[in-house]
Every structure is written in structure tokens, then in C-alpha cells.
Amino acid sequence: MTTTLTRTRPDRDLRKTERASARAFRQKASPVSTGILIIGAIYCLFPVFWVLMASSKDSSELFSTFTLMPSTHLWDNIVQLSQYRDGLFWRWVLNTAIYAGVGALASTWISAISGYVLAKFEFPGKKVVFSILLMGVLVPGVILAIPQYFLLAEVGLTNTMWSVLLPQIISPYGIYLARIYAAASVPTEVIEASRTEGAGELYIFNRIALPMMGPGLVTIFLFQFVAVWNNFMLPYIMLGDDQLFPVTVGLSGLLNQGASAPSMYTLVITGALLSIIPLIILFLVLQRYWKVDLAAGAVKA
Amino acid sequence: MTVTEAPVATRSSTPSVRRGRGTFRSRVLVPYAMLAPGIILFVAFMAAPIFYTLFLSFQKTKVSGLGLGSGARSTVFAGIDNYVTTLTNTEFGASVGRVLVYGFILIPLMLGLALLFALLLDSRRTRAAGFSRTAIFLPYAVPAVISSLLWGFLYLPAVSPFYFVFDKLGWDVPSLLSSGGVTFAIANIALWGGVGFNMIVMYTSLKSVPSDIYEAAKLDGASEIQIALRIKIPIIAPAIVMTALFSMVATLQVFAEPTTLRPLTNSLSTSWSPLMLVYRDAFTRDDIYSAAATSIVIALVTFAFSFLFLRVVQKRAFGQED
């Protein structure tokens, strides 16, 4: 647990000692185990490499030249995609950033405050609240999407940004993780001391507890960001207006049109490339936060 | 509810915040006010949809006369009719069967590879581990729609480099997008997207084991493979169980991959997976009542897994705390 929480600085020292001990025990390299992992890496990188090559071709080359051979039309394709229906693609990118970014931020804050209260307060009904929330962990958002549609249709919220944003803010798993982070990283004495000095509860949470939970909250944010960005069914059901689509629903629609107009394929491929690049960069930058223990174990030594 | 819970709270040996003279306000109102946003969203977007669907699943449309005019259609109580329809629907049975086959292909392969990769990453004799770990985890950043799109093109014989090679070798390989191969095609997409995540979960779990255990085993003459089989795998067994549960639940709800692949192949029906069937019933056929019943059936199966999850997790994570 502590390893997950104190990730920022001590981690660096830890890694240093790890490396030192690794050097001391350094053993003969095993070509078999290195090789198997490299094969796995190639399998995982291959489609990304392919899309990079394919997006540099124009639509006639796509089906006529060898598929891993790069061409020179990448920029033309980007321009063409940007011109498609007055920049609809970039509108989708912006929408995705709103759904995933704003949604994940809101979700992280709500998970944090709920987890903090469940970890640090004693109140009647606490166990019941926590158990019910925990039951929600494995009720997948996807199964809720159709019921949510019926319900939001009743109040006339379907086909609005809210219909995609709001249902994804609640994250029982995020609350569950936040409870563990809060229990481990916010000392009760600090809360009590602030109370004695007359600080309000919200002030204590936002200014004192929240920063202490920092690294753990980044993990929750990433989890939620990926969950929203990955959730195809909810926007697919909720939205009819293509100005509101996220990239995923938009590209899937373009692919559908491709069946009758193969020139669309180039747009779809270029769009796929452009939309995964920022995600991959985000991932590489924040990689150290991905130390995932699904049960975020108290079992850790 | 409060009455039954109160003794638990007072008995608890580690009260997180001790309050000498807690008023009602500070003891009850403050925590509930802070929980309010979470509770409200939970009720509005998780509990309410479930109950509303439950309500819908017991109703049906009754058509009187020729079904024309505004008063001709009315909603009546249906009892368990919709459930009977769902459970006897051969299309539903077939979609569940397809998803089971898909799961049987995907889950052992994905978790087996994830475990193998995690153990290899943990081995001191592996080189370039940082590169491989990052590369294998990378597809997790790619959403299912886009990975289906990429693989969909890689499956198309006209575009695929694999078929180019097969062609040069003179092999006649049937298309993965044919009716026999499409389950493998979808399983491969899910494998590609999921193996890295599961690998990281297992690897994180391995990293938390103090290494002196291995040193001791090594002094006793155990080989790397023996250490992996006898010590490492049993220690991270809980993590493997968790990944298996998560994967099973994800399998039941596969939707994005087959929906995205549909334009590229004729072998995916609109009822290929249970959720696709629900979608079709609700939106193409406008039969929200039987769609609701089918949703409930899927949710109940998922819930069965949830309870299993709950038991595993509570024993692990909260055994010591409460």
C-alpha cells in the first residue's frame, strides 16, 4: 500500500537501491525470456506502426501498395480530414477532451471526498453506505447505459452533453480506492488539529486532505479518464447529433460510411492515428502512476 | 438500519476521529453532507436506472383493435412474460453461447500471457524489460473502437500485411472475418487491448513481495522456474483471481468491438453479443420491455460475479481494518 502512495519521491530512491542491488546480483542475460517479451512488445506495437504507415497513403495507394510501405500523403490526409464537414473531426476531439477530462476531474473529486469521509468519519449508517457503494463496483457502466437512456429520455436530457458527462461521474471503484488512499495517507491527528484551530470540514478536505492523497488521486483520474474514453456504448446510445460525438463514435460512423465510399477509409485511418497520439503521450508521461493493485491491497508487506 | 448499525460503529476499536462531545450536526449531518454528491449521483445514475428497468421489465404494450389511434396502445402489467421470452429466445441463447466461446478463448490466453510476461519482467535475467513493459501496456491507451478499427483493417486481405505474406508463400488462409474466424478476430482485439493491463496488475503484485524470500529459496537450490511456480504464482494468486473476475465481467458485456467490426464483415449479426441484442431490441425494434428484461438477466449474472468479488476483496483489503 505504502509503495503505491509514496510513489513520488521515495520511489526514486527505492529504484536507485533496486538498481544497485540488481547490479550486485546481476545475472547472465536470458535470451529466451528477453526474446519472448520482445515478441510480445512487437505484437503490441505492430498495429500502431501499421496505422502510422497507412495514414501516409492516399486512398488509391491504400489498397494497391504494400501495406507497410510509407508514402507521402500524411499531411494531405490530415488537411482532408480537417476539412471534412468544416472540421467536424476536431469538434469530436474537443468533445472527447470534455467528456474524458472534465468527467474524470469531477469524478476524482467526488471519489476523493466520499472515500475520505468513509475512511475518516464515524457516523451511523457508514457500513451500509459503503456496502451499497461497493456493490456498484462490478455493475458495469455498459449494462446501465440502456436504462440510463430510458431514464434520461424521461427528463429530456438525451442528445445533450450532460447525458454523456453525468452518468460517468459516479465511480464506485474510484470511491473504493479513495477510501484506501485516505485511510493510509491522511493522519487523523492532522484533521483533529485543524478542527481545534477552527477550520471548516470542507476547508480541511480541500486544502489539507486532498493534497495528501495526491498520487493516489492521479491513479483514480487515469482510471476514470480511460474508462470514459473507452466507453463507446453510452455516447453511442445517448447522442444523435454528430456535433456532440466523441471521437470513438464519430470514427465508427465514418467507417460505416466507408462501406459505400472507400475514400472514407483514409479519413478513418488518419483519424485513428491522430486520436491515439495524445493518449499514448499522456500514458508515457504518467506511466509511473500505473502501479495497479486491483484490490489496492492492505496485504502488501 | 441506523439502529442495527450503531453498535457496530461504537464497538469499532479504532474510531477514526474521536469526538468527545459530538453534536448531531457534526456526527451525522457533516459526513452525509460531504457524501451527498456521491450518493445523489449513485442514486440517480446507478440505482434509479436499475429500478426503472426492473419496473419496465414487468410491463408490456397491449394493442387493442387494429393498433391505430392514440388510445389503441396501452401499457399493462406483464408478470414474468418478458423474462420467459428472454430465456426462451434462441437468439439470446445463441448470443450467450458465442460470448462463452469467446471468453473461453480469450480469458485463459490473455491471463496466461499476462502472467508469463509479468514473471519474465520480474526475472533478473531479462533485458530491455522497461521497453517491453511500456510497449505491452501501450494498447491499454487505445480505446476498443479504435483498436477494432486498426485490427479490422489488418484482417482485410486487401490491406493486411499478413495476407500479403501468406499470398507470397502460396498459403490459402481463410479470412478471420469469415463466420468461422470472427470470434478469434474479436478475441485477438480484446487480447491486444487487455494483456498489458493484466500484466501490470500481476507485476505490481509481484513487486510487493520482499525479495529475501527468493534469496532464501535460491540458497536452497531452487531454480528460477521452480521459484516462479512454487513461490511467485501462489503469492500473487489473489491478483490473478481478481483479473479473472474482471475479465469475465468484461467478456459478458462485449459490445464495442463487434459493433465496430460489423461494417467490415458479413458474419456479425446484430445479435452477436447479448448487449448487441439488447441494443437492437430497444432501439431498432422499439421493444424496450423485453430489452429491459434481457438487461436485468445480464445484470443478475454480473451481480453474481460482483458478490464473489466482494467476498474476495473484503477478506483481503478490509479484514484488518474493521
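Me: A residue counts as buried if 20 or more other C-beta atoms lie within 10 Å of its own. In this predicted model, why does strand 2 (residues 73-77) of chain B lie largely in the open?

Reply: Strand 2 of chain B has five residues, and the number of them that are buried is zero, so the strand lies largely in the open.

Me: What makes strand 1 (residues 59-63) and strand 2 of chain B a pair?

Reply: Two strands pair if DSSP finds at least two bridges between them. Strand 1 and strand 2 of chain B have five bridges, in the antiparallel sense, so they are called a pair. One of the residue matches is Lys60(B), whose bridge partner in strand 2 of chain B is Val76(B).

Me: How many helices and strands does chain A have?

Reply: Chain A has 16 helices and zero strands. Of its 301 residues, 47% are buried. Among its contacts with a separation of 6 or more, 75% join residues 24 or more positions apart.

Me: Which residues touch the most other members of the largest nonpolar core?

Reply: They are Tyr116(A), Ala272(A), Ala114(B) and Met199(B), in a core of 164 residues. Helix 4 (residues 90-122) of chain B gives this core its largest share, 15 residues.

Me: What does Met199(B) touch, leaving out residues up to four places away in sequence?

Reply: Met199(B) touches Ala114(B), Phe117(B), Ala118(B), Ile136(B) and Phe137(B). These are called contacts because the C-beta atoms of each pair lie within 7 Å.

Me: How many residues does each chain bring to the contact between chain A and chain B?

Reply: Chain A brings 100 residues and chain B brings 97. On the side of chain A that touches chain B, helix 3 (residues 31-54) of chain A supplies the largest share, 13 residues. That side divides into 70 nonpolar, 20 polar and ten charged residues.

Me: Which elements of chain B have the lowest and the highest mean pLDDT?

Reply: Helix 1 (residues 2-11) of chain B has the lowest, 39, and helix 4 of chain B the highest, 93. The pLDDT is the predictor's confidence in each residue, from 0 to 100, so these values rate the prediction of each helix. For chain B as a whole the mean is 82, and 86% of its residues reach 70 or more.

Me: Where in chain B does pLDDT stay under 50?

Reply: It stays under 50 over residues 1-20 of chain B, for which the model has 27 contacts beyond four places in sequence.

Me: What ipTM and pTM does the model score?

Reply: The ipTM is 0.82 and the pTM is 0.83.

How values were computed. Residues numbered from 1 in each chain as written. Chains lettered and ligands numbered in written order. Predicted model: local features only at pLDDT ≥ 70, side-chain atom pairs only at ≥ 80, totals over all residues. Helix = DSSP H or I, 4+ residues; strand = E, 2+ residues; numbered from the N terminus. Buried ≥ 20, exposed ≤ 12 C-beta atoms within 10 Å, placed from the backbone. Contact = placed C-beta atoms within 7 Å. Core = buried A, V, L, I, M, F, W, Y, C linked by C-beta atoms within 7 Å. Nonpolar A, V, L, I, M, F, W, Y, C, P; charged D, E, K, R; others polar.
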